[in-house]
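Biologist: Please show me the model. I would like to ask why certain terms are applied to it.

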Amino acid sequence: MRRYSVLLLSLLLAISASANESSSPSSSPPSKPIKQSSTKEKDKEKEKEEAPPAKEKEGRKSSKEGKEGKESKDAAKESAKEALAADELAAKIAERLAVLRKEKEEVNSRASARSVMRPVYTPRRAEPVKPKAEMVASASAMSDHGAAAIAAAMDAHGAGAWGYQGETGPLSWGKLSPANSKCDIGDRQSPIDIRDGIRVDLDPIVFDYRISGFNVIDNGHTVQVNVGAGNYITVMGRNYELVQFHFHKPSEERINGKSFEMVVHLVHKDADGKYAVIAVLIERGKPHSAIQQVWNNLPLEKTIPQEALMPLDLNKVLPQKREYYTYMGSLTTPPCTEGVLWMVMKEPIELSPEQIGIFNRLYSMNARPIQKSSGRLIKESN
Ligand SMILES: [Zn+2]
């Protein structure tokens, strides 16, 4: 009896040891547990091999004892039963051990399969990750800039729903929100009819524009292009960074009473948050490749920016000749903030009738009426 107990105890210990190992397969290299399990297997087999003779001995012993009397016969029967039960138990334990071993092998093979897969997948992932990370960095930098641009545009466009016609049209802008009061009572508003300028040797605008990532948004008032950071102008000793550009149809500004098909407003901000806007007038003529790139990326839905895949050469948005008119004015949309340095390029750029037609389908009229000049000084390049 005691021997069975010893045998069972040792088998149970073997099971628990085996179960413990299988619970942490990743901590040891795959080859090690396999070796261990095989030695353990041998040990168990040894145990099993050792067990039957012990039982047989016991059996023989009890049969000898059986000759001595009925009681001892019963005892022998009982011990035989016990031996049988022990055999069954041993078989069950062996079965359970086999299951545990199988589970462990599966875990190990999965672990080793994983370690085999890793070197295959890692380089594949690593290759596209690098350019992607760069793209993400520039895109996120741009979308930050874009977000700033949108915020600036929101700020520039003021609170409340406003438009170009009817009850929310330009004559009502000042009444839509107290923040828009300048639209009504400002005396340095834009746009104006540019005439009687003083001809002087104006400092050239120094453009530091580059090829930039961009997105296009239809903000409900115009088509706006938010550009990546790093595009600057220097004028009158101040640096302004380009935030966004957008379009109006027809042109808001007039030159000696003359209106143009369209205008591009390139909105810049300096470190103090002061605005400088460059207006590039648009005439009907040849197709324009850079503007076509913008039209190619027109978003399908309003207020959701469309990221462009190809960057834009911002220098192409400018005319070749860089003479300009300049005066102090305002944003031409609510809240009509004043203190904006305006530079209107004298030479227009050209868009094809088809290209103008594309914008016309979205915004056929998004120009604020001409505001009073109120004796403001206008200077122009000689
Ligand atoms: Zn504008």
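Modeller: Two residues are in contact if their C-beta atoms, placed from the backbone, lie within 7 Å. Among contacts in the protein chain between residues at least 6 apart in sequence, 70% join residues at least 24 apart. This is a predicted model, in which local features need pLDDT of at least 70, side-chain atom pairs count only at pLDDT 80 or more, and totals for chains, interfaces and linings use all residues. Residues are numbered from 1 along each chain as its sequence is written.

Biologist: How many helices and strands are there in the protein chain?

Modeller: The protein chain has 7 helices and 17 strands. Helices (H or I, at least four residues) and strands (E, at least two) are DSSP runs, numbered from the N terminus.

Biologist: Why is C336 called buried, and why is D196 called exposed?

Modeller: A residue is buried if 20 or more other C-beta atoms lie within 10 Å of its own, exposed if 12 or fewer, and partly exposed in between; the C-beta atoms are placed from the backbone. C336 has 28 other C-beta atoms within 10 Å, so C336 is buried. D196 has 10 within 10 Å, so D196 is exposed. Buried residues make up 30% of the 382 residues in the protein chain.

Biologist: What is the phi of each of these two residues?

Modeller: Phi is near 55 degrees for D196, a positive value in a residue other than glycine, and near 60 degrees for C336, also positive and also not glycine. Most residues other than glycine have a negative phi, and most peptide bonds are trans. D196 sits in the loop between β1 and β2 (198-200), and C336 in the loop between β14 (324-330) and β15 (338-345).

Biologist: Which peptide bonds are cis?

Modeller: One is the bond from S190 to P191, with omega near 5 degrees; P191 lies in the loop between α5 (181-185) and β1 (193-194). Another joins K249 and P250, with omega about -10 degrees, and P250 lies in the loop between β8 and β9 (254-255).

Biologist: What makes the largest nonpolar core a core?

Modeller: A nonpolar core is a set of buried Ala, Val, Leu, Ile, Met, Phe, Trp, Tyr and Cys residues joined through C-beta atoms within 7 Å. The largest has 51 residues, and V263, V264 and V277 are among those with the most contacts inside it. Its largest share, 8 residues, comes from strand β11 (residues 275-284). V277 touches H265, L266, V267, V340 and W342, not counting residues up to four places away in sequence.

Biologist: Why is strand β10 (residues 262-269) described as largely enclosed?

Modeller: In β10, 7 of the 8 residues are buried, so the strand is largely enclosed by the rest of the structure. Strand β8 (residues 238-248) is mostly covered, with 8 of its 11 residues buried.

Biologist: How do you know that β8 and β10 pair?

Modeller: Two strands pair if DSSP finds at least two bridges between them. β8 and β10 have 7 bridges, in the antiparallel sense, so the criterion is met. H246 stands opposite H265 in β10, and E241 has K269 as its bridge partner there. β10 also pairs with β11, antiparallel over 8 bridges, with H268 opposite A276.

Biologist: Which strand forms a hairpin with β8?

Modeller: β7 does, with 2 residues between the strands, and M236 in the turn has a positive phi of about 50 degrees. Strand β7 (residues 232-235) pairs with β8 in the antiparallel sense over 4 bridges.
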